[in-house]
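Dear colleague,

I am handing over the structure below, and after it you will find my notes on what turned up when I went through it.

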Amino acid sequence: MVDLGGQYQGIKEQVNSSISNVLDSSAFINGPEVHAFQKELEEYLNIKHVIPCANGTDALQICMMGLGLQPGDEVITADFTFAATVEVIALLQLTPVLVDVEPDTFNIDIAAIEKAITPKTKAIVPVHLFGQCANMDAIMDLADKHNLFVIEDNAQGIGAKHTFKDGTKNMSGTIGHVASTSFFPSKNLGCYGDGGAIFTNDDDLAHTIRGMVNHGMYKRYHHDVVGVNSRLDSIQAAVLRAKLPNLDEYNRKRREAAQKYSSALKNHEHILVPKTVNGCDGICDTCDCHVFHQYTLRILNGKRDELVQHLNDNGIPCGVYYPIPLHKQKAYVDERYNEADFPVTNLLVKEVISLPMHTELDNEQIDYITAMIIEFVNR
């Protein structure tokens with residue numbers, strides 16, 4: 001699914017040299033590499049504050065802590081996503097409110113958000129799923145209308161851009177009040193362990209969060225706020241510094257692979273290829289709205305699970321992201337939820353399949369993968 005070894009070969013010299021420098025300096029925590037990476041990522045995103053932390057889940061939790069959300073506050077997010085998004089809401093004793101998603105982009109449904117807003121609602125967490133921005137125009141409009149915070153879950157979307165109605169563009173993770181991202185190794189910008197970061201343009205919020213990630217300290221042994229121990233270590237920052245200058249090229253290669261997949265698969269009656277917000281079905285040289293963290297098909301003939309087995313039998317890895325809706329997960333079952341409110345999610349979990357997607361895919365691999373898919377669906 002991900003060829004991290006192949007990617008490493010292209011940056012091996014720089015990665016090895018950067019890690020060696022950290023080892024020589026012994027500045028393993030909050031060292032120069034961390035501070036340099038922070039500044040470089042701020043410049044790349046054109047945002048005022050990047051606060052590195054230990055992982056993407058921590059990042060999302062600390063966003064909510066920094067905003068001062070209180071137990072019982074309602075937080076609206078998508079039902080069709082990884083559990084970390086709802087996990088941190090529950091850990092903070094907030095009330096998760098799960099809503100349905102769009103059938104084509106897989107991102108959170110705007111009408112469902114609006115329907116779910118109550119006097120207890122305090123925040124919306126749009127997930128930029130599989131590498132494409134949610135409809136941030138509409139989400140920010142709703143947030144302004146109802147005085148809500150917007151926390152972007154950008155774990156899968158770094159490098160994507162959102163085009164506003166007036167034609168201006170922002171990088172994903174720079175639009176809401178605050179955002180989180182993950183540097184898990186398989187991400188588009190991934191380190192060689194765990195890592196994450198928080199983004200914001202709010203000076204006061206950034207100050208609060210900088211203390212929170214370090215035990216609530218702004219001055220050593222002076223704990224001004226309740227915090228956590230969540231720091232990006234210097235070796236991981238060194239790896240990320242080596243990768244960041246290549247991120248746009250990495251994402252270009254992912255788009256190129258997606259275009260090849262879609263070209264081969266788009267006209268089959270039992271297959272729906274990914275849909276981008278600009279309607280190009282992933283086949284567009286100028287598309288910058290999607291960075292294809294995952295390339296996810298919908299299989300419409302009811303044989304998705306059989307296709308998974310067929311691909312595995314032919315040496316092709318694949319993934320089902322995600323096989324169970326969050327509202328049906330044992331940890332998050334709630335009598336408030338009505339199955340009639342999740343028609344799209346309940347359908348997607350039976351149809352989606354994600355194909356290998358990484359920077360090292362070549363034409364021969366893509367041709368083999370698509371041929372095996374077409375062979376199966378034509379049976």
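**Cysteines, backbone and surface**

Cys191 is buried, with a relative accessibility of 0%, and its sulfur lies 11 Å from the closest cysteine sulfur, that of Cys53, which is too far for a bond. Please bear in mind throughout that this is a predicted model. Cys133 is likewise counted as buried, at 3% relative accessibility, and its sulfur is 8.0 Å from the closest cysteine sulfur, in Cys289, again too far for a bond. Since a disulfide requires two cysteine sulfur atoms within 2.5 Å, neither of these distances qualifies, and the structure as a whole holds zero disulfides.

Some backbone features also deserve your attention, given that most residues other than glycine have a negative phi and most peptide bonds are trans. Asn46, although not a glycine, has a positive phi of about 55°; this residue sits in the loop between α2 and β1 (49-53) and is exposed, at 70% relative accessibility. Phe106, also not a glycine, has a positive phi of about 70°, and is placed in the loop between β3 (95-99) and α5 (110-116), but Phe106 is buried, with a relative accessible area of 6%. The peptide bond from Tyr321 to Tyr322 is cis, with omega near 20°, and Tyr322 belongs to the loop between α10 (304-313) and α11 (343-351).

On the surface, Leu23, Phe28 and Ile29 make a nonpolar patch of about 270 Å². Of these, Phe28 is found in the loop between α1 (4-25) and α2 (32-45) and is partly exposed, its relative accessible area being 38%.

With best wishes

Key
Residues are numbered from 1 along each chain as its sequence is written. This is a predicted model: local features need pLDDT of at least 70, side-chain atom pairs count only at pLDDT 80 or more; totals for chains, interfaces and linings use all residues. Side-chain values use heavy atoms; hydrogens and water are left out. Buried means under 20% relative accessible area, exposed over 50%, partly exposed in between (1.4 Å probe, protein chains only). Patches are made of residues with over 30% relative accessible area and no salt bridge: like charges are joined within 9 Å, nonpolar side chains (Val, Leu, Ile, Met, Phe, Trp, Tyr) within 5 Å. Accessible areas come from the Shrake-Rupley method with a 1.4 Å probe; for residues, only the protein chains shown count as cover. A salt bridge is a side-chain nitrogen of Lys or Arg within 4 Å of a carboxyl oxygen of Asp or Glu. Helices (H or I, at least four residues) and strands (E, at least two) are DSSP runs, numbered from the N terminus.
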